[in-house]
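Trainee: I have the model open and would like to go through it with you. Could we start with one helix and then move on from there?

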Amino acid sequence: MNLTAAMPVILVGGAATLALAAGLWRANERRIGVLTMAIGALLGLAAILLRFTGFWDRLFDHDFADVWDGPALNLLGAGIAGIVIGLLLWLESPMLVGRLPALIGVVGLLAGLIASAQLWTQRVEILGGGLQADRFSMLLNGIFIVAALAVILLGVRDPAAVDRRGEFVALILSSTAGMMLVAGAGDLITLFVGIELLSVALYVLAALEVWRERSLESGLKYLIIGALGSAFLLYGLAFLFGATGTVKINEIGEALSLTSGAGLRDEPFVLAAIVLIIAGLGFKASAAPFHMWTPDVYEGAPTVVTTFMSTATKAAALAAFLRIFGGALKDVSDDWTVAIGLVAATAILVGNIAALRQNNIKRMLAYSSVAQAGFLLIGVAAGGLAGSEATLYYLIAYVAMTLAAFAVVIIREREVEGGDRLSALAGYGRSRPLLGVAMTLAMLSLAGFPPLSGFIGKFLLFGAAVDAGMVWLAVIGAIGSLISLGYYLRVVAVVWLGDSPDAPGARRPRPGGADMLVTLSSAAAILLVALFTSPLLRLCRGAAESVLGI
């Protein structure tokens, strides 16, 4: 059996299990240190023995006779890391006391990122094609992992994670593993399992602050609406299977290509499947008119969890859209492009108009995410290589912009009561210039100001829509961008020109190093994504060609 395709998922999922165990056994660091050293030694020994016995080559269908490479290097690295971490714990290092789950999570995510990078040039499958590693899934894995890393770092000092650090990190990693399954899904079963794995973990995360009524309400609402969305999606996938007789995404495309000449008039199951799948994934992407849960859940959930939902979860939903509509249904695109285009237009208008009235920054960013889902769906509706490439590029830019905005909100929440209100950010740029610049870059890029990455992404999306003959959708996108100036620029004005609510000379806690690292890195990424547009577009084009089967 070739396990190479599953290595990123295995590494992240395994780290989730270890983080949960570390959280449960946190009271005895010395015992955990001994156990971690033992596990690390066994992993390193296993890598060496498997390397020289040849069993590793048969297991992963690769020849590592000449060099250490691929999964073998990951296993050896994990063993060395285990020994080092265990030794520090055994010595009761203050640096690690209480933070072992987060450290395990970071190591596991970095290992998954390395494994994904190593698989970039390969195309391998497992489970009879049910899970595949290609450029599309590896690029999405990078997005998921970066978002998860940022959230874990932001959660180091968060009240939602301090007392439940093991559970917090394990749930973040479990959800990330589910997203990786979605991105690499080769059949409908794997795709649905991945969506449910990421969703169930998020239901719990939304209600993680059990002492706060709004958090519990958020988790309950998300559970109910999420179950409804999953039901729509499952019905749609079942109809698609019933119409084609297979769950394999590539075989579904081949079966539908035989009937594409007659359209879907003779295939009512496929038509029903398209409608239900759009509705189900629309719930997951928080695209209007399936967005009713988004503002309340975003506001009630812990802000670090909201950050994860607004970045990685949206990326997973778009990955599912591209896998199904760009892969399985690409030969019948004439029958679904208008439907997805209408959803995109509705999301852009509803999200931007509703955001104008918000005074809570989390609710404003929730409606902003609804609008951003609409922009991303423009590329899906446009279809083809240009549409998929533009969607992936804008997705990278969107994650950077959203991480920067939410990171500033998280820092402000730890300084003052009610830090998620827009008024709490008044004059913040004057007292914390770096954070003010980060928030300004995020808002201007989300609004589409040139030459920032948000502008380039929207330009590519609108261009793809025009090339696909959907000029009306590009016009609606441009109108939505103009509307969005009303609230994005309002935030910028409040940050720099507002009167600070803090008392003169009041002492405030300094932002943590991890918080500043995420904030400034995300702000820098907004600029770097624009600066290195050409190489990033080459990566996105390779991923788009992979998902489209070109």
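Mentor: Let us begin with helix α15, bearing in mind that this is a predicted model. Helix α15 covers residues 337–355, 19 residues in total, and its first and last C-alpha atoms are 27 Å apart, close to the 27 Å expected at 1.5 Å a residue.

Trainee: Which residues of α15 are buried?

Mentor: The buried residues of α15 are T337, I340, G341, V343, A344, A345, A347, I348, G351, N352, A354 and A355. As general background, an α-helix has 3.6 residues a turn, so residues three or four places apart point the same way.

Trainee: And what do those buried residues pack against?

Mentor: They pack against four helices, namely α12 (268–285), α14 (303–328), α16 (361–382) and α21 (471–497).

Trainee: Zooming out, how many helices and strands are there in the protein?

Mentor: The protein has 23 helices and 2 strands. Of its 550 residues, 60% are buried, and among contacts between residues at least 6 apart in sequence, 79% join residues at least 24 apart.

Trainee: Which residues touch the most other members of the largest nonpolar core?

Mentor: That core has 179 residues, and L140, F325, L329 and M443 are the ones that touch the most other members. The element that gives the most to this core is α17, with 20 residues.

Trainee: What is F325 in contact with?

Mentor: Leaving aside neighbours within four places in sequence, F325 is in contact with I274, I277, I278, K330, W336 and I340. One of these, I340, is also among the buried residues of α15.

Trainee: Switching to pockets, what lines the second largest pocket?

Mentor: The second largest pocket holds about 600 Å³ of space and is lined by 24 residues, of which L113, G142, I143, V146 and I396 lie nearest its centre. The elements giving two or more residues to this lining are α5 (100–118), α6 (135–154), α17 (384–413), α22 (513–531) and α23 (533–548), and α6 gives the most, with 8 residues.

Trainee: How many charged residues are in that lining?

Mentor: The lining has no charged residues, and by class the residues there are 20 nonpolar and 4 polar.

Trainee: What about D515, is it buried or exposed?

Mentor: D515, which sits in helix α22, counts as buried because its relative accessibility is 2%, where the cut-off for buried is under 20%. Not counting residues up to four places away in sequence, D515 touches L153, L154, R157, I411 and R414. The C-alpha atoms of D515 and G155 are separated by 8.6 Å, although these residues are 360 residues apart along the chain.

Notes. Residues numbered from 1 in each chain as written. Predicted model: local features only at pLDDT ≥ 70, side-chain atom pairs only at ≥ 80, totals over all residues. Heavy atoms only, no water. 1 Å grid on protein atoms, 1.4 Å probe; cavity = no way out; pocket = protein on both sides within 12 Å on 5 of 7 lines; lining within 4 Å. Points joined across faces, edges and corners; volume = space filled by probe spheres on them. Nonpolar A, V, L, I, M, F, W, Y, C, P; charged D, E, K, R; others polar. Buried < 20%, exposed > 50% of the residue type's maximum accessible area, 1.4 Å probe, protein only. Contact = heavy atoms within 4.5 Å. Core = buried A, V, L, I, M, F, W, Y, C linked by side-chain atoms within 4.5 Å. Expected span 1.5 Å × (residues − 1).
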